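Subject: Structure handover

Hi,

Here is the structure I promised to pass on to you. Have a look at it first, and then read my notes underneath.

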Amino acid sequence: MSALAKASGALKSVDYEVFGRVQGGGLSVLSVLALIVLSHYFPNQYTEQEAKKLGVVGWVKNTSQGTVTGQVQGPEEKVNEMKSWLSKVGSPSSRIDKTNFSNEKEISKLDFSDFNTRY
């Protein structure tokens, strides 16, 4: 168990799926297409940045259904902060319609050593 986990008490794990879309009001067709392409490849960098800033581990991935899915693990307080960010903030170019959380549980050790994007 890491020093962070020991110092923070209970560890928590939760799966998530974020539903939403990129807003493109008032933009040219080319700008909207560019935003769509960029949002498909780069929104996860913001999720990774936030996770690393908070000190949680896990993964994030774009799905073929246009959602973002993943898993977060870490101290309960930090996982709860990440859940809030996933529900209310997200990447700058996204609009979050809803976020589903599942399989939330206390764990005895972390399954990951870092937070990364899966392809």
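On one side of helix α4, Glu77 and Lys88 are exposed, where exposed means over 50% relative accessible area, buried under 20% and partly exposed in between (1.4 Å probe, protein chains only). On the other side, Val79, Met82, Lys83, Trp85 and Leu86 of α4 are buried. Those buried residues share a side of α4 because they cover an arc of only 165° around the axis, the arc being that of the directions from the helix axis to the C-beta atoms. The background is that an α-helix has 3.6 residues a turn, so residues three or four places apart point the same way.

Before going further, please keep in mind that this is a predicted model: local features need pLDDT of at least 70, side-chain atom pairs count only at pLDDT 80 or more, and totals for chains, interfaces and linings use all residues. Residues are numbered from 1 along each chain as its sequence is written, and side-chain values use heavy atoms, with hydrogens and water left out.

Back to α4, which covers residues 76–88. Its 13 residues should span 18 Å at 1.5 Å a residue, and the end C-alpha atoms are indeed 18 Å apart; the expected span is 1.5 Å times one less than the number of residues. After the helix comes glycine 90, with a positive phi near 65°.

Lysine 83 may catch your eye, as this α4 residue counts as buried because its relative accessibility is 16%. Leaving aside residues up to four places away in sequence, lysine 83 touches Lys12, Val14, Phe101 and Glu104 (contact means heavy atoms within 4.5 Å).

What about the core? The largest nonpolar core has 14 residues, of which Tyr16, Val56, Val72, Met82, Leu86 and Phe115 touch the most other members. Such a core is a set of buried Ala, Val, Leu, Ile, Met, Phe, Trp, Tyr and Cys residues joined through side-chain atoms within 4.5 Å. At least two residues each come from β1 (11–22), α3 (43–54), β3 and α4, and α4 gives the largest share, four residues. Methionine 82 touches Thr47, Glu50, Ala51, Leu54, Val56 and Val72, again not counting residues up to four places away in sequence.

Now the strands. Five of the six residues of β2 (residues 57–62) are buried, so this strand is largely enclosed by the rest of the structure. β2 runs antiparallel to β3 (residues 68–75), with six bridges between them, and parallel to β5 (residues 115–117), with three; strands pair if DSSP finds at least two bridges between them. Asparagine 62 has valine 68 as its bridge partner in β3, while valine 60 stands opposite threonine 117 in β5. The β2–β3 hairpin has five residues between its strands, and glycine 66 in the turn has a positive phi of about 85°.

Glutamine 73, in β3, is buried at a relative accessible area of 1%. Its side chain makes a polar contact of 3.4 Å with the side chain of serine 13. A polar contact is a pair of N or O atoms within 3.5 Å; within protein, one must be able to donate a hydrogen and the other to accept it, and residues adjacent in sequence count only if both atoms are side-chain atoms.

Finally, the chain as a whole: there are four helices and five strands, in the order α-β-α-α-β-β-α-β-β. Helices (H or I, at least four residues) and strands (E, at least two) are DSSP runs, numbered from the N terminus. Buried residues make up 34% of the 119 residues.

Cheers
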